[in-house]
Amino acid sequence: MKKIEIKDMIFIQIIFLWYSCVGIFSKNAAKYDFFSFNYLKWYAGVIVVMGVYALLWQQALKKFPLNIAYACRSIVTVWSVLWGILFWNEHLTVGKVLGTVIIVIGIIMVVSGEKNENSNS
């Protein structure tokens, strides 16, 4: 496997930032009656975000081993916490901070473990 470059890591993080926007659109859609115009408008946003994400995800899989790509996908939880705070005045708790720190540490461990395996081969 070729070495993972920093530009590729930035690319995959942008993909997951984009994907996390599904939560924004779906939470806004949930405010409205099922199949109302406003519901459909927000749900259309979900479909667009997911469609673009699917295309970008396929490109990411060309650059990353599957285990790295899926481990990095966990960062969506961190983005979701941020969106909750910014858009819905949700509170940042100690549990949320600890959870996001554990996720980030886990991603770093998986990615750095892959780098170590590649350098040993």
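Lys7 counts as partly exposed, at 49% relative accessibility, where partly exposed lies between buried (under 20% relative accessible area) and exposed (over 50%), evaluated with a 1.4 Å probe on protein chains only. The model is predicted, so local features need pLDDT of at least 70 and side-chain atom pairs count only at pLDDT 80 or more, while totals for chains, interfaces and linings use all residues. Residues are numbered from 1 along each chain as its sequence is written, and side-chain values use heavy atoms, with hydrogens and water left out.

Lys7 forms a salt bridge with Asp8, with 3.6 Å between the closest N and O atoms; the term denotes a side-chain nitrogen of Lys or Arg within 4 Å of a carboxyl oxygen of Asp or Glu. Side chains of opposite charge can pair when their charged atoms come close. Asp8, in contrast to a partly exposed residue, is buried, its relative accessible area being 1%. A second partner of Asp8 is Lys63, and here the closest N and O atoms are 3.5 Å apart. This pair links distant parts of the chain, since Asp8 belongs to helix H1 (residues 6–29) and Lys63 to helix H2 (residues 37–63), 55 residues apart. Helices are DSSP runs of H or I with at least four residues, numbered from the N terminus. Lys63 is partly exposed, with a relative accessible area of 26%.

A search of the whole structure finds three salt bridges. One of them joins the side chains of Glu90 and Lys27, at 3.4 Å from N to O. That pair also links distant parts of the chain: Glu90 sits in the loop between helix H4 (75–88) and helix H5 (94–120), whereas Lys27 is in helix H1, 63 residues apart. Glu90 is partly exposed at 31% relative accessibility, and Lys27 is likewise partly exposed, with a relative accessible area of 36%. Through shared partners, salt bridges join Lys7, Asp8 and Lys63 into one network.

The nonpolar side of the structure can be considered next. The largest nonpolar core has 23 residues, of which Ile12, Phe16, Phe64 and Cys72 touch the most other members; such a core is a set of buried Ala, Val, Leu, Ile, Met, Phe, Trp, Tyr and Cys residues joined through side-chain atoms within 4.5 Å. At least two residues of this core come from each of H1, H2, helix H3 (66–73), H4 and H5. H1 supplies the largest share, eight residues. Apart from neighbours within four places in sequence, Ile12 is in contact (heavy atoms within 4.5 Å) with Ala60, Phe64, Ala69 and Cys72.
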